[in-house]
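Q: Before us is a structure that I should like to learn to read feature by feature. Could we proceed by question and answer?

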Amino acid sequence: MSETKKGLQQNPHAVREIREKNLEVAIGRQVRELRKRQRMTVADLAGQAGLSVGMLSKIENGVTSPSLGTISTLAHALRVPLVQLFSGFEEQRGCMHVKAGDGVEIEREGTRAGHQYQLLGHIGSNNSGVVVEPYMITLENPTERFPIFQHEGIEILYMLEGEMTYRHGDQRYLMEPGDSLVFDSDAPHGPEDLAALPIRYLSIITYPQAR
């Protein structure tokens, strides 16, 4: 367990600095903080950036929208990368709330009769570079041939109800309520023996976002 804890690099409880929802205010706050950090007066920075003291004061107070050229000039005068002046701005982050029973039933490759796949949500283009597809899978009827999947990414299964044997590559795993399975989904995988029906489990697939 200690080795597992050492391998977790992110602290999920860490709170990042507060981000500003208004772009002009975010830029102004960054300019002011960087100027003060470098012990520059408003007049000092205005002179180096070729701006009037009044204009710089408006920018720092977020009451005017500076052009990209002005922002670039300020970044140069403050000796910081241009993008740093945008670092306090909070971009909109995707979130989708799906009420019970409102998931979208879809046809996945390999779907058989009695195998229901319900997509629980989806977020499109995002800054993480990762796509996440959460499914609620319900198996109610045994079939002669079970679907075998193989695709890029990492998959996480969490068993909710029933009992089955799940194949991953050459290995078989007995899955009962409360069991989980995390695996590289590039190997052939899928249910092989449905021992106790009905079966319900969560399947969460993650893979790189196309660029």
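Q: Leaving aside residues up to four places away in sequence, which residues does Met96 touch?
A: In this predicted model, Met96 touches Gly121 and His122. Met96 itself lies in the loop between helix H5 (68-78) and strand E1 (104-106). A separation in sequence may also be set beside a separation in space: Met96 and Leu120 are 24 residues apart in sequence and 9.1 Å apart from C-alpha to C-alpha.

Q: Is Met96 buried or exposed?
A: The relative accessible area decides the matter; values under 20% count as buried and values over 50% as exposed. Met96 has 48%, so Met96 is classed as partly exposed.

Q: How should a pair of aromatic rings be read, and how many such pairs are found in the whole structure?
A: A pair of aromatic rings is described by the distance of the centres and the angle of the planes. The search of the whole structure finds 3 aromatic pairs. In one of them, the ring centres of Tyr117 and Phe149 are 6.1 Å apart and the planes stand at 80°, so the arrangement is edge-to-face. Tyr117 belongs to strand E2 (residues 115-119) and Phe149 to the loop between strand E3 (130-139) and E4, so the pair ties together parts 32 residues apart in sequence. Both Tyr117 and Phe149 are buried.

Q: What is the geometry of the pair formed by Tyr166 and Phe183?
A: This pair is tilted, with 5.9 Å centre to centre and 35° between the planes. Tyr166 lies in strand E4 and Phe183 in strand E6, so parts 17 residues apart in sequence are tied together. Tyr166 is buried, at a relative accessible area of 2%, and Phe183 is buried as well, at 5%. Together with Tyr201, these two residues form one aromatic cluster.

Q: In which sense do E4 and E6 pair, and over how many bridges?
A: Strand E4 (residues 154-168) pairs with strand E6 (residues 180-184) in the antiparallel sense over 5 bridges; Ile154 stands opposite Asp184 in E6. E4 also runs antiparallel to strand E7 (residues 189-208), to which 13 bridges join it, and there Tyr166 stands opposite Pro191.

Q: Where does a residue take a positive phi in the hairpin of E4 and E5?
A: The hairpin has 2 residues between its strands, and Gly169 takes a positive phi near 60°. E4 and strand E5 (residues 171-175) are antiparallel, with 5 bridges, and His168 stands opposite Gln171 in E5.

Key:
Residues numbered from 1 in each chain as written. Predicted model: local features only at pLDDT ≥ 70, side-chain atom pairs only at ≥ 80, totals over all residues. Heavy atoms only, no water. Pairing = 2+ DSSP bridges. Helix = DSSP H or I, 4+ residues; strand = E, 2+ residues; numbered from the N terminus. Buried < 20%, exposed > 50% of the residue type's maximum accessible area, 1.4 Å probe, protein only. Contact = heavy atoms within 4.5 Å. Phe/Tyr/Trp six-rings, centres within 6.5 Å; stacked < 30°, edge-to-face > 60°.
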